[in-house]
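Me: Please take a close look at the surroundings of the ligand in this model, and place that part within the rest of the chain.

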Amino acid sequence: MKAKFITLDGIDGAGKSTNLDTIRTWFEKHQLPVLFTREPGGTAIGEALRELLLNPATRANARTETLMIFAARQQHLDEVIKPALAQGMHVVSDRFTDATFAYQGGGRGLPLPDIAILENWVQQGLQPDLTLLLDVPLAVAQQRLSHNTSPDRFEQLDTNFFEHTRQVYLDRAAAAPQRYAIINSSLQLDAVAAQINQSLAQQFGLNP
Ligand SMILES: Nc1ncnc2c1ncn2[C@@H]1O[C@H](COP(=O)(O)OP(=O)(O)O)[C@@H](O)[C@H]1O
Ligand SMILES: Cc1cn([C@H]2C[C@H](O)[C@@H](COP(=O)(O)OP(=O)(O)O)O2)c(=O)[nH]c1=O
């Protein structure tokens, strides 16, 4: 079986961290070799850039921020993702380029075609086989994050920012439905897990 590249994305508070366990359990159950990684991050350079990106004291403008994210992504692809896929390991990345279109494009307002230029330059056509898009209305995400006492630089942003972010995710999923599974993440955890398991099973041609 050709190794698959799967990404997990969605606005802050959509439930990515929580549902990573569901994905781990699914791969264990089916005894498939898998590497879990994340963006920004996944390499020493990427984690150092992540620190900068998420630090509320950092004042990168939207273009600087985008270049830092793609710098981290280039290293992540070359050092981690492509070698793992070449060795037959499936890769699950907690966030990938959809987040840049959604946050830097939708949220910060950078033109989406500018982001697509960097995407092409860095990825050279490599795209995820499947993107699990955890979708929740903003009010649900905000309610779920309300206990968070130390929000990072992005989590401090306002409702307007996240409305646009969510909309870009949904637009991208609508434009390429074969690549995306939109997961209704406002449901109870077991119902969210069932949708994720179903999408993974379909991608691999296995039982949920
Ligand atoms: N389906 C769900 N129902 C109720 N609460 C949830 C659900 N999914 C996640 N949560 C809670 O919402 C909060 C944010 O979830 P988290 O997984 O950290 O989101 P993200 O990583 O996408 O920011 C956590 O407190 C988590 O326990
Ligand atoms: C990958 C990526 C992340 N981000 C932002 C979204 C998140 O708010 C933040 C960190 O990601 P996240 O994985 O949500 O971290 P945590 O679960 O620890 O809060 O980085 C972008 O703005 N653009 C990107 O391309």
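Reply: Residues 8-196 are 56% helix and 12% strand, and the C-alpha atoms at the two ends of this span lie 10 Å apart. These values come from a predicted model. In UniProt, an unreviewed entry annotates residues 8-196 as "domain: Thymidylate kinase-like".

Ligand 1 is surrounded by 14 residues. The closest of them are Gly15, Lys16, Ser17, Thr18 and Arg144. Sorted by class, the shell around ligand 1 consists of 7 polar, 4 nonpolar and 3 charged residues. Three helices each supply at least two residues of this shell: H1 (16-29), H6 (138-145) and H8 (189-204). Of the elements that contribute, H1 gives the most, with 3 residues.

Another part of the chain, the pairing of helices H3 and H4, can be described in a similar way. H3 spans residues 62-86 and H4 spans residues 97-107. Their axes come within 11 Å and cross at roughly 175 degrees. An angle over 145 degrees counts as roughly antiparallel, and H3 and H4 are therefore roughly antiparallel to each other. On the H3 side, the contact is made by Ala62, Glu65, Thr66, Ile69 and Arg73. H4 contributes Thr97, Thr100 and Gln104 to the contact. By class, the contact of H3 with H4 comprises 4 polar, 2 nonpolar and 2 charged residues.

Note on methods:
Residues numbered from 1 in each chain as written. Chains lettered and ligands numbered in written order. Predicted model: local features only at pLDDT ≥ 70, side-chain atom pairs only at ≥ 80, totals over all residues. Near = placed C-beta within 6 Å. Helix = DSSP H or I, 4+ residues; strand = E, 2+ residues; numbered from the N terminus. Nonpolar A, V, L, I, M, F, W, Y, C, P; charged D, E, K, R; others polar. Axes fitted to C-alpha atoms, helices over the stretch in contact; angles between N-to-C directions. Parallel < 35°, antiparallel > 145°, perpendicular 65-115°, else oblique. Contact = placed C-beta atoms within 7 Å. UniProt positions renumbered as here; feature names shortened; annotations may be inferred.
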